Amino acid sequence: MFPEARLDVTLRVEAGRVAGVNIHSNRLVQASKLFAGRRPDEVTHLLPTLFALCGTAQVLAGLAAMERASGISTSSSQTPARQMLLLAETVTEHGLGLARDWPPLVGAEPDLAAARRLKLAMAAVRPALYPAGDWTRPGGGEVRPSLDALGKAVNEARAAVADILSADAEAVLADPDSFHLWHRSGNRPAARLIDEIMAPDLATFGRGPFLPMPEQGPAGLDARLDGDRDGAYLARPDSHGRVFETGPLARMSWHPAVTAQMGAFGAGLLARMVARLAELASSLQEMDQLVHALSDAPAPAACLVDGAGLGLVEAARGLLAHRVELESGRVKRYQILAPTEWNFHPEGPLARGLMGAPAGPELERRATLLALALDPCVACRVTVENADA
Amino acid sequence: MCLALPSLVTEILPADQAKVSLGGVIKTISLALVADVEPGDYVIVHVGYALTKVDPVEAEKTLALFAEMAETAS
């Protein structure tokens with residue numbers, strides 16, 4: 001069997017600064033090779049069981065790739081239903097981060113009751129949209145939204161998040177004064193962590209050249225994936241030599257609360273933490289709005305034909321790309337490029353943010369905070385090697 | 001992308017904890033984020049927490065798939 005997937009980040013300190021960043025991943029980036037020879041619907045059925053954290057995003061990226069390959073355009077009812085599924089996963093993942101992973105960073109216990117409440121609320125979204133359970137069907141499943149159940153799920157999630165923050169997420173980010181009052185209050189571990197990170201040397205920590213992932217993904221991604229015969233690109237992607245940052249900061253830099261922190265402290269630790277908070281708040285808001293855009297739709301008779309297609313989805317942690325080649329009703333080739341491969345690339349945003357960072361007793365903790373802000377989908381361990389010592 | 005390996009729950013412990021077995025390796029994990037888990041159930045574990053309960057038939061299928069993958073990889 002496999003050892004638990006992990007990222008090991010080693011910082012080499014020389015002359016009082018980080019002079020080298022080594023990131024080693026034992027993640028199996030080529031697991032999707034197993035899909036070759038299987039039926040497309042079998043693959044989309046398998047996807048959510050194979051990925052622990054982003055099962056929904058994986059299916060949606062797979063469906064998009066297969067539908068693109070076959071030239072199927074899905075009905076206008078599928079789009080809001082699928083977006084709703086995706087947002088439910090984003091809310092869960094960001095909320096779990098805040099409730100479970102942030103408190104230990106300020107010496108507090110994880111808020112597991114609120115985390116569980118949020119998780120259960122968002123788990124109700126899928127059956128409330130696709131009661132027949134056929135949401136993984138290429139072409140689209142039967143959408144029969146229960147507006148009542150969805151409204152309740154969103155309200156319950158909002159209440160759980162308010163519990164995690166001790167205030168409504170949107171209200172916290174509404175203006176600089178509200179934000180200031182919230183983190184100064186220190187009412188919850190999330191507020192205490194943000195308050196600690198407001199210190200300028202922490203707020204700016206990890207500030208490197210900011211290269212946000214373009215909205216439609218990197219130009220020429222399809223061709224790069226097509227040409228990737230040995231899987232090297234899946235492990236270390238780039239776009240004309242540039243390694244983008246993907247995830248909340250790349251997506252949320254328009255949000256006033258994020259813009260304010262980026263303006264004051266650059267694209268560092270604080271901006272990334274606030275972006276996650278902002279995305280949690282805006283995802284809940286978007287879910288509220290989407291409820292009104294939903295309508296019933298039968299499962300269409302979709303026929304997959306031979307072809308190749310790229311499917312892109314903005315998952316909680318960033319851009320997720322699936323590429324599929326279909327031949328004679330079977331998957332001939334399947335590739336998955338996950339956001340962690342961009343953010344934790346040896347020349348990616350984590351490495352750029354850590355290069356040149358001042359050494360000191362706080363370095364390991366700060367680097368750990370930065371890794372957590374970039375939110376890898378596997379456990380991450382930071383080690384400092386001091387050549388000066 | 002984090003692969004989800006289903007673990008078999010072997011024993012429920014106090015304080016929302018449980019013992020799980022994955023390929024013979026026994027670990028103690030938290031059940032705080034899932035509901036109604038009993039010995040004999042399969043759960044997906046991530047950094048020490050059970051995240052979801054998995055249907056036993058699906059779990060066996062996934063484990064078989066991972067075993068196949070391990071062979072291909074080695």
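Start by selecting residues 6–14 of chain A, which form strand β1, together with β2(A): the two strands pair in the antiparallel sense over 8 bridges. Keep in mind throughout the tour that you are looking at a predicted model.

Stay with this pair for a moment and pick out A:E14. Which residue is its bridge partner in β2(A)? Select A:R17 and you have found that partner.

Now add another strand to the view. β1 and β2 belong to an open sheet of 3 strands in chain A, arranged in the order β2-β1-β6 with mixed pairing. Colour β2 (17–25) and β6 (379–386) of chain A to see the edges: each of these has a single partner strand, so one side of each is left without a neighbour in the sheet. If you turn the view, notice the twist: neighbouring strands here are turned by 20° against each other on average, ignoring direction.

Next, select residues 363–374 of chain A, helix α18. This helix packs on the sheet and touches β1 and β6 of chain A. Its direction makes about 150° with that of β6(A).

Move on to a single residue, A:I336. The "binding site" annotation in an unreviewed UniProt entry covers A:I336. You will find A:I336 in strand β5 of chain A, residues 330–337. Is A:I336 buried or exposed? It is buried, because 26 other C-beta atoms lie within 10 Å of its own, and 20 or more is the cut-off for that class.

Time to visit chain B. Show chain B alone and count along: there are 1 helix and 5 strands, following the pattern β-β-β-β-β-α along the sequence. Along the principal axes, the C-alpha atoms of chain B fill a box of roughly 40 × 25 × 20 Å. The radius of gyration of chain B is 12 Å, which agrees with the value near 11 Å for a compact globule of 74 residues. Of those 74 residues in chain B, 36% are buried. Among the contacts in chain B with a separation of 6 or more, 27% join residues 24 or more positions apart.

For the last stop, bring chain A back and look at where the chains meet. The contact takes 22 residues from chain B and 22 residues from chain A. On the chain B side, select β4 (42–46), β5 (49–54) and α1 (56–73), each of which supplies at least two residues. The largest share of that side, 7 residues, comes from α1(B). Colour the side of chain B that touches chain A by class and you will see 17 nonpolar, 3 polar and 2 charged residues.

Terms used. Residues numbered from 1 in each chain as written. Chains lettered and ligands numbered in written order. Predicted model: local features only at pLDDT ≥ 70, side-chain atom pairs only at ≥ 80, totals over all residues. Contact = placed C-beta atoms within 7 Å. Helix = DSSP H or I, 4+ residues; strand = E, 2+ residues; numbered from the N terminus. Nonpolar A, V, L, I, M, F, W, Y, C, P; charged D, E, K, R; others polar. UniProt positions renumbered as here; feature names shortened; annotations may be inferred. Buried ≥ 20, exposed ≤ 12 C-beta atoms within 10 Å, placed from the backbone. Rg over C-alpha atoms; globule rule 2.2 N^0.38 Å. Pairing = 2+ DSSP bridges. Axes fitted to C-alpha atoms, helices over the stretch in contact; angles between N-to-C directions.
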